Amino acid sequence: MSRAKNRIAVLHGVNFDVLEKRDPDLYGGLSLNELEYRIGGWAGELGFEPIFFQSNSEAEFCGYLHRVGESADAAIVNAGAWTHYSRAIGDALAVDPVPTVEVHLSDVENREEWRKVSVFDGLVEAKISGKGVEGYHDALRLLAERLGL
Ligand code: DQA
């Protein structure tokens, strides 16, 4: 019997390990563990098996994306500041074979000019920003529909 296609990788990039120390007005004041707990709850309700990954190393982040298809059927990526300039991560996303949604906690369209740029445009299925933690819920729903869960 074939395996259910329900594994989702949730990737957090640079500075997410100190999320609770970052501006609570922008990022909600949650720790990464608390954020992952919320995401994990929603993922389970939708029938996903979540796998979490965080790194401050761009090389490690690219390496994880190179292999994401081996461990997951879909992905959610919040690459933090890398989103705005890392062509290397963009190139790694181009070889990521699973449907992937970009999420940002804050409203990157209405902050500094440089945050309006995402070098991942055209490489992800959707971009969700400015909805706080709820943005991950939206991304999970979108991907659950995409995978037919
Ligand atoms: C962020 C937005 C980025 O501009 C910023 O560098 C982050 C977090 C967000 O989730 O709102 O680190 O990706």
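**Exercise 1. Which strand does T100 lie in? Work out its surroundings.**

Step 1. Start with the location: T100 sits in strand β4. Keep in mind that you're looking at a predicted model.

Step 2. Now check burial. The cut-off for buried is under 20% relative accessible area. T100 comes out at 2%, so T100 counts as buried.

Step 3. Look for a partner for the side chain. A polar atom of the T100 side chain lies 2.9 Å from the backbone oxygen of V98.

Step 4. List the contacts, leaving aside neighbours within four places in sequence. T100 is in contact with A75, V77, L93, V124, E125, A126 and L143.

**Exercise 2. Describe the chain as a whole.**

Step 1. Count the elements: the chain has 5 helices and 5 strands. Along the sequence they follow the pattern β-α-α-β-α-β-α-β-β-α.

Step 2. Is the chain as compact as a globular protein of that length? Its radius of gyration is 14 Å, and the globule rule gives 15 Å for 149 residues; the two values are close, so the chain is as compact as a globular protein of that length.

Step 3. Get the dimensions. Along its principal axes, the C-alpha trace spans about 50 × 30 × 25 Å.

Step 4. Split inside from outside. Of the 149 residues, 50% count as buried. The chain exposes about 7,200 Å², and carbon and sulfur atoms supply 49% of that.

Step 5. See how far along the sequence the contacts reach. Take those between residues at least 6 apart in sequence: 77% of them join residues at least 24 apart.

**Exercise 3. Check the length of helix α5 and find what covers it.**

Step 1. Helix α5 covers residues 134-147, which makes 14 residues. The expected span is 1.5 Å times one less than the number of residues. That gives 20 Å, and the end C-alpha atoms are 20 Å apart, so the two agree.

Step 2. Pick out the buried residues of α5: G135, Y136, H137, D138, A139, L140, L143 and A144.

Step 3. Ask what lies over them. The cover includes β1 (7-12), α2 (32-45), β3 (74-78), β4 (100-104) and β5 (126-129).

Step 4. Follow the backbone off the end of the helix. Just after α5, G148 takes a positive phi of about 75°.

**Exercise 4. Map the surroundings of the ligand.**

Step 1. Which residues surround the ligand? They are F16, R22, Y27, N78, G80, A81, H84, H104, L105, S106, V108 and R115.

Step 2. Go through the polar distances to ligand oxygen atoms. For N78, a polar side-chain atom lies 2.8 Å from a ligand oxygen. For H84, an N or O atom in the side chain is 2.7 Å from one. For R115, a polar side-chain atom lies 2.8 Å from one.

Step 3. Finish with the area. On its own the ligand exposes 320 Å², and the protein buries 99% of that.

**Exercise 5. Place I128 and E49 in their strands, then compare their burial.**

Step 1. Find the strands: I128 is in β5, and E49 is in β2 (residues 49-54).

Step 2. Read the accessibility. I128 has 12% relative accessibility, so it counts as buried. E49 has a relative accessible area of 47%, so it is partly exposed.

Step 3. Add the contacts, again not counting residues up to four places away. I128 touches V101, E102, V103, H104, G135, D138 and A139. E49 touches N6, R7 and I8.

Step 4. Set sequence separation beside distance. E49 and R7 are 42 residues apart along the chain, with 4.7 Å between their C-alpha atoms. I128 and L105 are 23 residues apart, and their C-alpha atoms are separated by 8.4 Å.

**Exercise 6. Look at two loop residues, N15 and S31.**

Step 1. Where is N15? N15 is in the loop between β1 and α1 (24-27).

Step 2. Check its backbone. Most residues other than glycine have a negative phi. Phi of N15 is near 75°, a positive value in a residue other than glycine.

Step 3. Is N15 buried or partly exposed? Its relative accessible area is 35%, so N15 is partly exposed.

Step 4. Turn to S31, in the loop between α1 and α2. With a relative accessible area of 16%, S31 is buried.

Step 5. Beyond residues up to four places away, S31 touches L19 and E20. The C-alpha atoms of S31 and N56, 25 residues apart along the chain, are separated by 16 Å.

Technical notes: Residues are numbered from 1 along each chain as its sequence is written. This is a predicted model: local features need pLDDT of at least 70, side-chain atom pairs count only at pLDDT 80 or more; totals for chains, interfaces and linings use all residues. Side-chain values use heavy atoms; hydrogens and water are left out. Helices (H or I, at least four residues) and strands (E, at least two) are DSSP runs, numbered from the N terminus. Buried means under 20% relative accessible area, exposed over 50%, partly exposed in between (1.4 Å probe, protein chains only). Contact means heavy atoms within 4.5 Å. A residue is near a molecule or strand if one of its heavy atoms lies within 4 Å of it. A polar contact is a pair of N or O atoms within 3.5 Å; within protein, one must be able to donate a hydrogen and the other to accept it, and residues adjacent in sequence count only if both atoms are side-chain atoms. Accessible areas come from the Shrake-Rupley method with a 1.4 Å probe; for residues, only the protein chains shown count as cover. The radius of gyration is taken over C-alpha atoms; the globule rule is 2.2 Å times the number of residues to the power 0.38.
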